[in-house]
Amino acid sequence: MNAQIALILGQDGVANGAVYALLALCILLVFSVTRVLLIPQGEFVVYGALCMASMQNGRMPALVWLLCAFAVAETIADARAGARGSATIRPVRLAGRTAYPFLLAGALWLLPLASLPVWLQAVLTLAIVAPMGPQLYRLFYQPIADASTLILLIVSIAVHLALVGLGLLAFGPEGARAAPFSDARYALGPASVASQTLWVVAVSLLWMLALYRFFGRTLPGRALRAAADNRAGARLVGISPEFAGRAVFLLAATLGACSGILVGPAATLYYDSGFLISLKGFVAAIVGGLTSYPLAVIGALAVGLVESFSAFWASAYKEIIVFTLIIPFLLWRSLRHGTIEDETE
């Protein structure tokens, strides 16, 4: 290996690590607030990439009909909860939330998707995928929000499997790759840096900065931090657990779709590619102990670099090498902290 190859592998590793960092932050945030290990996080990434590719090929993403179905199911669930007196029904909000996906489907049907600028295709992709986060929380997690962590994990696995099947139904078995934002390359010593890599790193850093300011400077962000630090205390001071759950799932779906838009031009993704992507974000989250956001980012960069260099030295075993990283951290934390009792509220 010479310096040029090392630079190429390094920039690929940093770009992948930036995406894994976003996924790790989502997994940490969702787990802190709701105790849900969001295994379907990778499906948001795949949905974002495949929706973007579908629009660039001039096809209306069939995923919008799944959004419509979830909206109708969510409306029925809210209406039933209101009839039982366990929730307050706001008709205007309920009607708007139900009508939104159908209006979006109509717009997608009328627009010349293939000729739209890339930024508008990305906005439409986010408009399709991001609302699925709150919908999934309302339909599958909110009714069992007080269940044990094990039950929440089982439900999360079931949701992941269902979304994989729905992805096959929406996109088919063929993979797809989106067009890059830019084909330009810039000299960096003996190697060159693709502008697509710079886009990935820059957008990821902007998202991290936005999350830092959101949680540090805004009232909703502080409310979510309070819910993450002490769920019982947050309830006592009036922070709605339903609001917190829907908000973090919205963030997770938005960041997942954005990650898919970023990595779509770099790799061919299939309907079932989300699980491996999500696992790599989970490895980074484990490095942070499912509590530390800075350590999770560092772990994500490490995962990206290890994956990149493993692909050069032993491409057939790169996935095994990446996932083996989790073992020493689990052993270290197990020996350091000993037995941890289940959380009770």
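According to an unreviewed UniProt entry, the feature "transmembrane region" is placed at residues 20–42, 102–130, 150–172, 193–215, 247–270, 282–306 and 312–332. The structure discussed here is a predicted model.

Two of these annotated spans can be set against the model. Residues 150–172 are 96% helix and 0% strand, with the end C-alpha atoms 32 Å apart. Residues 20–42 are 74% helix and 0% strand, and there the end C-alpha atoms lie 10 Å apart. Arg 35 belongs to the loop between H1 and H2. Its phi is near 65 degrees, a positive value in a residue other than glycine. With a relative accessible area of 12%, Arg 35 falls below the 20% limit and is therefore buried.

**Helix H6 and its surroundings**

Helix H6 covers residues 132–141, and eight of its ten residues are buried, so the helix is largely enclosed by the rest of the structure. The buried positions are Met 132, Gly 133, Pro 134, Gln 135, Leu 136, Tyr 137, Arg 138 and Tyr 141. These residues pack against helices H1 (3–34), H2 (41–56), H3 (63–84), H5 (118–129), H7 (149–171) and H11 (241–263).

**Aromatic pairs**

The structure holds four aromatic pairs. Two of them involve H6 and are compared below.

| Pair | Helices | Centre distance | Plane angle | Geometry |
|---|---|---|---|---|
| Phe 70 and Phe 140 | H3 and H6 | 6.4 Å | 80 degrees | edge-to-face |
| Tyr 137 and Phe 249 | H6 and H11 | 5.2 Å | 45 degrees | tilted |

Phe 70 and Phe 140 lie in different helices, H3 and H6, so their pairing ties together parts that are 70 residues apart in sequence. Phe 70 is buried at 9% relative accessibility, whereas Phe 140, at 34%, counts as partly exposed.

The pair formed by Tyr 137 in H6 and Phe 249 in H11 ties together parts that are 112 residues apart in sequence. Tyr 137 is buried, with a relative accessible area of 5%, and Phe 249 is likewise buried, at 0%. Tyr 137 and Phe 249 also form one aromatic cluster with Tyr 141.

**Nonpolar cores**

The largest nonpolar core has 70 residues, of which Tyr 47, Leu 63, Leu 104, Leu 108, Val 129, Tyr 141 and Phe 249 touch the most other members. H1 provides the largest share of this core, with eleven residues. Tyr 141 and Phe 249 thus appear both among these most connected core members and in the aromatic cluster. Leu 104 touches Val 64, Leu 67, Leu 124, Ala 127 and Ile 128, leaving aside residues up to four places away in sequence. A second, separate core comprises twelve residues, including Val 19, Val 200, Val 203 and Val 263.

**Helix H12**

Helix H12 has 14 residues, from 274 to 287, and reaches 20 Å from its first C-alpha to its last, close to the 20 Å expected at 1.5 Å a residue. This helix is mostly covered, as ten of its 14 residues are buried. The buried residues are Gly 274, Ile 277, Ser 278, Lys 280, Gly 281, Val 283, Ala 284, Ala 285, Ile 286 and Val 287.

Methods
Residues are numbered from 1 along each chain as its sequence is written. This is a predicted model: local features need pLDDT of at least 70, side-chain atom pairs count only at pLDDT 80 or more; totals for chains, interfaces and linings use all residues. Side-chain values use heavy atoms; hydrogens and water are left out. Helices (H or I, at least four residues) and strands (E, at least two) are DSSP runs, numbered from the N terminus. The expected span of a helix is 1.5 Å times one less than its number of residues. Buried means under 20% relative accessible area, exposed over 50%, partly exposed in between (1.4 Å probe, protein chains only). UniProt positions are given in the numbering used here, feature names are shortened, and annotations may be inferred rather than shown by experiment. Contact means heavy atoms within 4.5 Å. A nonpolar core is a set of buried Ala, Val, Leu, Ile, Met, Phe, Trp, Tyr and Cys residues joined through side-chain atoms within 4.5 Å. Rings of Phe, Tyr and Trp (its six-membered ring) pair if their centres lie within 6.5 Å; planes under 30 degrees apart count as stacked, over 60 as edge-to-face and the rest as tilted.
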